Each structure stands twice: as C-alpha cells, then as structure tokens.
Amino acid sequence: MNRQIRTEIFERFRAANPHPTTELEYENTFQLLIAVILSAQATDVSVNIATRRFFPTHGSPEGIIALGLEGLTECIKSIGLYKTKAKNVMRTCEILLEEYQGVVPNTRAALEALPGVGRKTANVVLNTAFGLPAMAVDTHIFRVSNRTGIAKGKNVREVEDRLMRLVPREFLLDAHHWLILHGRYVCVARKPKCPECGIADLCEFKEKTTLQQTK
C-alpha cells in the first residue's frame with residue numbers, strides 16, 4: 001500500500017468521524033488512566049458500567065484510597081481480572097499522591113512505572129489526555145492494520161512502529177481512535193462488514209469479494 005492510498009483511507013475516516021475519541025467514560029486525566037487500566041482484557045462497555053459505581057463519588061486518587069481495596073474490588077468485580085486490577089489501581093493512587101501530588105505524569109517512562117500500566121495503556125493516556133501522537137495497538141488495530149494492508153506486522157510493537165512511520169502526519173493524532181472504531185464496528189474479526197465499509201475499495205483484504213457475495 002502506498003502513501004496516496006493511506007492518505008485517502010484516513011481522509012475518509014476523518015470525513016466520517018471528524019473528532020474521534022475513546023468510548024471510555026471519564027471526566028479528567030486521572031479517571032481516564034484508571035479506566036484504561038481496568039479495560040485490559042475487558043470491553044469499554046463493561047468498564048463504564050463498573051466506573052459509574054465509584055467515579056461520581058470517589059473519582060480521584062484520594063477518593064479511591066478512601067474507598068479502600070475492598071470497596072473498589074466490589075465495584076469492579078464484574079470485569080475480568082478484577083482482584084489484580086483493584087490492587088494495581090490502589091497502588092497507582094498511592095504513587096500518584098506520594099510522587100506526583102495526585103497529578104498523572106505526562107511521560108511514557110513515568111506512566112509505565114505505575115502498576116498495571118503497560119505500553120498500550122501509556123499510549124492511550126499520552127494520546128487521549130495529552131494530545132501526543134501515540135498508537136495503542138490492541139486486537140482491533142492489529143487486525144485492521146494487517147487485514148487492510150495499512151501497516152502489516154507480526155506483533156503489536158511491529159504494527160505500532162510501522163503505523164507511527166507510515167500514517168501521514170496530519171492524521172497521526174486521531175489514527176488510533178479511527179482504527180479501533182473501524183475494527184470494533186466494521187472490520188470485525190469473524191465476518192468483516194465489507195459491504196458497509198467506507199474504505200473497501202482501498203483495502204487489500206483478499207477475501208473481501210467472497211464475503212460480499214455470501215453476505
């Protein structure tokens with residue numbers, strides 16, 4: 001896939017959704033960080049249901065510490081790996097208060113040093129909260145990037161590095177959101193909705209025509 005086609009793809013994404021953002025619900029950078037930590041191996045919908053139980057009354061580092069481990073665990077027990085996530089969130093809150101006066105740091109190194117925060121989580125926060133070009137490659141972005149030919153790679157880091165290099169700069173800030181939403185609702189895993197796809201004529205997915213004929 002050449003630069004001209006990639007540019008056209010992202011121009012179409014932008015035309016269809018000029019201001020994409022995460023589907024996680026949050027009111028500030030701290031709440032975004034906690035929501036992303038909780039979203040590992042869980043859907044945004046399930047995380048939103050859980051955070052609605054405590055964000056309104058305990059949506060700060062001090063608030064979550066006051067809620068306590070038991071209280072937080074009870075609030076998030078409906079999502080996967082909730083016990084480990086509760087411990088990570090509690091410790092993250094403690095570190096934010098001890099080292100950063102309760103403010104979420106804006107560097108990758110500092111973010112990744114927080115419990116429960118890996119490269120993908122750090123990328124989401126850097127991109128969504130701080131407006132930095134970063135690519136949080138999840139299963140949706142990995143699938144879409146490889147299937148369409150936008151940026152092929154054998155692992156998530158390879159795809160991330162290629163997206164950062166190949167996506168035209170003017171689209172780099174929002175590309176992460178466009179690709180996730182496209183993978184979540186159109187270029188789905190089992191049976192992509194090629195007839196409904198706005199970039200179907202630009203995509204390199206070889207089984208596209210067959211899928212359209214059998215839909």
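A helix here is a DSSP run of H or I with at least four residues, and a strand is a run of E with at least two. The model in these exercises is predicted.

**Exercise 1. Describe the fold by its elements and its overall dimensions.**

Step 1. Count the elements. The protein has 12 helices and zero strands.

Step 2. Read them in order from the N terminus. The run is α-α-α-α-α-α-α-α-α-α-α-α.

Step 3. Look at the extent. The C-alpha trace spans about 55 × 35 × 30 Å along its principal axes.

Step 4. Compare with a globule. For 215 residues, a compact globule would have a radius of gyration near 17 Å. The protein has 19 Å, which agrees.

Step 5. Check the interior. Of the 215 residues, 49% count as buried.

Step 6. Check the contacts. Take those with a separation of 6 or more: 58% of them join residues 24 or more positions apart.

**Exercise 2. Locate the annotated domain and give its helix content.**

Step 1. Go to the record. An unreviewed UniProt entry places the feature "domain: HhH-GPD" at residues 38-185.

Step 2. Take the secondary structure over residues 38-185. The chain there is 66% helix and 0% strand.

Step 3. Take the ends. The end C-alpha atoms of this stretch are 21 Å apart.

**Exercise 3. Classify the ring pairs of Phe10 and say what they tie together.**

Step 1. Start with the total. The structure holds five aromatic pairs.

Step 2. Take Phe10 and Phe171. Their centres are 5.9 Å apart, with 25° between the planes. Planes under 30 degrees apart count as stacked, so this pair is stacked.

Step 3. Place both residues. Phe10 lies in helix α1 (residues 3-16). Phe171 lies in the loop between α10 (156-166) and α11 (172-185). The pair therefore ties together parts that are 161 residues apart in sequence.

Step 4. Take Phe10 and Trp178. Here the values are 6.3 Å centre to centre and 50° between the planes, and the pair is tilted.

Step 5. Place Trp178. It lies in helix α11, so its pair with Phe10 in helix α1 ties together parts 168 residues apart in sequence.

Step 6. Test for burial. Buried means under 20% relative accessible area. Phe10 has 0%, so it is buried. Trp178 has 5% and also counts as buried. Phe171 is buried as well.

Step 7. Join the rings. Phe10, Phe13, Phe171 and Trp178 form one aromatic cluster.

**Exercise 4. Find the charge that sits over the ring of Phe205.**

Solution. The charged end of Arg147 takes this place, 5.0 Å from the ring centre.

**Exercise 5. Decide whether Cys75 and Cys194 are in disulfides.**

Step 1. Fix the cut-off. Two cysteine sulfur atoms must lie within 2.5 Å.

Step 2. Test Cys75. Its nearest cysteine sulfur belongs to Cys93, 13 Å away, and Cys75 is in no disulfide.

Step 3. Test Cys194. The closest cysteine sulfur is in Cys203, at 6.5 Å, too far for a bond.

Step 4. Conclude. The structure holds zero disulfides.

Step 5. Add the surroundings. Cys75 is buried at 12% relative accessible area. Cys194 counts as buried at 7%.

**Exercise 6. Describe the surroundings of Thr121.**

Step 1. Place it. Thr121 is in helix α8 (residues 119-128).

Step 2. Check exposure. Its relative accessibility is 9%, so Thr121 counts as buried.

Step 3. List its partners. Leave aside neighbours within four places in sequence. Thr121 is then in contact with Leu33, Val36, Ile37 and Gly116.

Key:
Residues are numbered from 1 along each chain as its sequence is written. This is a predicted model: local features need pLDDT of at least 70, side-chain atom pairs count only at pLDDT 80 or more; totals for chains, interfaces and linings use all residues. Side-chain values use heavy atoms; hydrogens and water are left out. UniProt positions are given in the numbering used here, feature names are shortened, and annotations may be inferred rather than shown by experiment. Rings of Phe, Tyr and Trp (its six-membered ring) pair if their centres lie within 6.5 Å; planes under 30 degrees apart count as stacked, over 60 as edge-to-face and the rest as tilted. Buried means under 20% relative accessible area, exposed over 50%, partly exposed in between (1.4 Å probe, protein chains only). A charge sits over a ring if NZ of Lys or CZ of Arg is within 6 Å of the ring centre and within 35 degrees of the ring normal. The radius of gyration is taken over C-alpha atoms; the globule rule is 2.2 Å times the number of residues to the power 0.38. Contact means heavy atoms within 4.5 Å.
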